[in-house]
Amino acid sequence: MAIAKRCAPDAEEDPWDAHSSIMTWASSILLAIIFLIVLGVSTIWLTVHPRQLQFAVEDVLVSNFKPNNNRSRLVTANFSIKMSTNNSNHRVTFTYESMNVSVKIRDQILASANGPPLFHDKDKFKEFWVYLTSNNVELHGSTLKDWKETGFEDIKINVIIQARVKFKALHWKQDHCRIQIFCGEVEAHSPGKAFKQTNCDVEL
């Protein structure tokens, strides 16, 4: 009688173990990439140590500010705004690709114009002028009445700058960043009067 021999079947590879190995390998690679990115950003940050830009309104001259007639709510005015900006970064430069400057009164735009192109080198203080004209702009609410009572001598405005900039830190470049500067409660004055510097809030 032949003796039947039972042979144990070959062990089959568990597909779950193979899947787990792939997931472990992929997770390790991903963690390594994240670590390198964090290390690179941290190195750049510690090396560059970026600081916020500083803006201020140095002077605002208003001329020819008047209503078109006694009954009209339309006004005309010329604004000459002197701005200053300080880049205290030792390794970061800024290039302003475009700049829009607006004069607002109680959330109403009175005048708007383009600012000059600027290159702001590291550790530099710069000043620039912006000239705006409002022509037949209708004032809402009690703004015109309030100004008539003060003889157009005490005019408080908001200066808002929206710009598109690119900056360079060492060999790292970043294009098409947007920056917004808000300068509130700026006292515009006629020529010959003193002006108090007004600091601005900057969002980059």
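Here is a walk through the structure, from the sheet to the core and then out to the surface. Keep in mind that this is a predicted model.

Let's start with the sheet. Four strands make up an open sheet, and reading across, the order is S6-S2-S1-S9, with antiparallel pairing. The edges are taken by strand S6 (124-138) and strand S9 (198-199); each has a single partner strand, so one side of each is left without a neighbour in the sheet. Further in, strand S1 (residues 54-67) and strand S2 (residues 74-87) run antiparallel to each other and are joined over eleven bridges. If you want to see the register, pick out Leu-61, whose bridge partner in S2 is Ser-80, and then step to Val-62, which is bridged to Phe-79 in S2. On its other pairing, S1 meets S9, again in the antiparallel sense, over two bridges. Ala-56 is a handy marker here, with Asn-199 as its bridge partner in S9.

Now for the nonpolar interior. The largest nonpolar core counts 45 residues, and the ones with the most contacts inside it are Phe-55, Phe-79, Met-83, Tyr-96 and Ile-157. Quite a list of strands feeds this core: S1, S2, strand S3 (92-105), strand S4 (108-114), S6, strand S7 (155-169) and strand S8 (172-188) each put in at least two residues. Which strand gives the largest share of this core? That is S7, with eight residues.

Ile-157 is a good place to stop and look around. Leaving out residues up to four places away in sequence, Ile-157 touches Val-60, Phe-79, Val-103, Lys-104, Ile-105, Cys-183, Gly-184, Glu-185, Val-186 and Ala-188. Two names in that list come up elsewhere in this tour: Phe-79, the bridge partner of Val-62, and Glu-185, which sits in strand S8.

Phe-79 also leads us to Tyr-131. This tyrosine is found in strand S6, and is it buried or exposed? Tyr-131 is exposed, with a relative accessible area of 56%. Setting aside neighbours within four places in sequence, Tyr-131 is in contact with Phe-79, Ser-80 and Ala-113. Take the last of these: Tyr-131 and Ala-113 are 18 residues apart along the sequence, and their C-alpha atoms are 7.2 Å apart in space.

On to the charges. Side chains of opposite charge can pair when their charged atoms come close. How many salt bridges does the structure hold? There are four, and we can visit some of them. One joins the side chains of Arg-164 and Glu-97, at 3.2 Å from N to O. This pair ties together distant parts of the chain, with Arg-164 in strand S7 and Glu-97 in strand S3, 67 residues apart. Arg-164 counts as partly exposed, at 31% relative accessibility, and Glu-97 is partly exposed as well, at 32%.

Another salt bridge brings together the side chains of Glu-185 and Lys-156, at 3.9 Å from N to O. Here too the pair links distant parts of the chain: Glu-185 belongs to strand S8 and Lys-156 to strand S7, 29 residues apart. Glu-185 counts as exposed, at 52% relative accessibility, whereas Lys-156 is partly exposed, at 38%. A further salt bridge connects the side chains of Lys-122 and Asp-121, with an N to O distance of 3.9 Å. Lys-122 is partly exposed at 38% relative accessibility, and Asp-121 is partly exposed at 27%.

Glu-185 deserves a second look for its backbone. Most residues other than glycine have a negative phi, and most peptide bonds are trans. Phi of Glu-185, though, is near 55°, a positive value in a residue other than glycine. Asn-136 does likewise, with phi near 55° and again a positive value in a residue other than glycine. You'll find Asn-136 in strand S6, partly exposed, with a relative accessible area of 42%.

Last stop, the helix. Helix H1 covers residues 15-48, and Ile-37 lies in it. Ile-37 is also part of a nonpolar patch on the surface, formed together with Trp-25, Ile-29 and Ile-33. Between them, these four residues have about 440 Å² of accessible area.

Definitions and conventions
Residues numbered from 1 in each chain as written. Predicted model: local features only at pLDDT ≥ 70, side-chain atom pairs only at ≥ 80, totals over all residues. Heavy atoms only, no water. Patch = residues over 30% accessible without salt bridge, like charges linked within 9 Å, V, L, I, M, F, W, Y side chains within 5 Å. Areas by Shrake-Rupley, 256 points an atom, 1.4 Å probe, with all protein chains shown as cover. Pairing = 2+ DSSP bridges. Core = buried A, V, L, I, M, F, W, Y, C linked by side-chain atoms within 4.5 Å. Buried < 20%, exposed > 50% of the residue type's maximum accessible area, 1.4 Å probe, protein only. Contact = heavy atoms within 4.5 Å.
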